[in-house]
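User: Please take a close look at the loop backbone in this model. Then move on to its surroundings.

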Amino acid sequence: RDDANWGGAVIMAPFRHYQAYGDAEPLRAAYPAMKRYMGYLATKASGDILSHGLGDWGAFDTSTPLAIPATTAYYRFAKAMAEIAPLAGDGDAAAGYEALAARIRSAFNARFLDEAAGSYGSGSQASNALPLAAGIVPDGQRAAVLRALKADIAARGNHLSTGEIGLRALFDVLGDDGDAATVLTMATNPTAPSYAAML
């Protein structure tokens with residue numbers, strides 16, 4: 001039941017610390033563990049797709065394929081490791097992590113992107129928000145995938161359907177698009193599932 005979106009904190013916590021404060025010491029200290037963790041994920045992946053873990057934990061819509069939250073995490077970690085390796089004194093490893101990220105992206109799009117529909121996986125909010133947030137979506141498809149995401153939100157009466165993993169991606173994607181109005185409408189929706197209903 002170990003899941004990359006939790007276990008990957010060994011990579012992302014020191015990386016976020018570095019991004020916020022410019023302090024690379026935690027990266028250097030954790031780097032051996034980061035490399036071991038990436039090696040571990042590689043043993044769980046098949047064809048650069050990671051189908052291991054808990055999926056979009058706690059989702060209202062359980063149709064999101066487990067491999068979407070797992071593989072988007074794997075991709076984010078590979079991209080982070082390409083930046084981290086030189087900072088940790090292992091610059092020669094950066095190209096390998098970039099190549100891994102490229103393979104993951106290619107495999108993910110081949111498996112989950114429906115170009116005709118302009119969406120991923122089941123078309124759930126998490127299925128579309130996670131690849132958008134991770135930067136996996138090809139440039140020519142981003143607008144269509146974002147439209148599909150917003151159409152799903154509207155079709156659900158401005159309700160959330162993600163779990164814990166897809167939730168941040170959903171709000172990040174809407175925020176990056178400058179769509180604070182949709183975030184506010186979802187958050188203040190008086191009926192469940194919404195933050196207002198929980199309160």
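Analyst: Asp48 sits in the loop between β1 (45-46) and β2 (49-50). Strands here are DSSP runs of E, at least two residues; helices are H or I runs of at least four, and both are numbered from the N terminus. Phi of Asp48 is near 70°, a positive value in a residue other than glycine.

This is a predicted model: local features need pLDDT of at least 70, side-chain atom pairs count only at pLDDT 80 or more, and totals for chains, interfaces and linings use all residues. Residues are numbered from 1 along each chain as its sequence is written, and side-chain values use heavy atoms, with hydrogens and water left out.

Asn158 also has a positive phi, near 60°, and is not a glycine. This residue belongs to the loop between α7 (142-155) and α8 (164-176). Asn158 is partly exposed (between 20% and 50% relative accessible area, 1.4 Å probe, protein chains only), at 27%. Pro193 lies in the loop between α9 (180-187) and α10 (195-198). A cis peptide bond joins Ala192 to Pro193, with omega about 0°.

Gly135 follows α6 (125-134). Phi of Gly135 is positive, near 85°. In α6 itself, 9 of the 10 residues are buried (under 20% relative accessible area), so the rest of the structure largely encloses this helix. Gln125, Asn128, Leu130 and Pro131 are among the buried ones. The buried residues of α6 pack (heavy atoms within 4.5 Å) against α4 (67-87), α5 (94-112), β4 (119-120), α7, α8 and α9.

α6 also supplies at least two lining residues to the largest pocket, as do α1 (4-7), α2 (9-21), α4, α7 and α8. A pocket is an open set of 1 Å grid points where a 1.4 Å probe fits, with protein on both sides within 12 Å along at least five of seven lines; lining residues have an atom within 4 Å of a point. This pocket is lined by 32 residues. Nearest its centre lie Arg16, Arg76, Ala133, Arg168 and Asp172. The largest share of the lining, 8 residues, comes from α4.

Asp3 is in the segment before α1. Asp3 is buried yet has no salt bridge (Lys or Arg side-chain nitrogen within 4 Å of an Asp or Glu carboxyl oxygen). The nearest side chain of opposite charge, Arg76, is 8.1 Å away from Asp3. Beyond residues up to four places away in sequence, Asp3 touches Tyr37, His52, Gly53, Leu54 and Gly55.

Terms used:
Lys, Arg positive; Asp, Glu negative; His and termini not counted.
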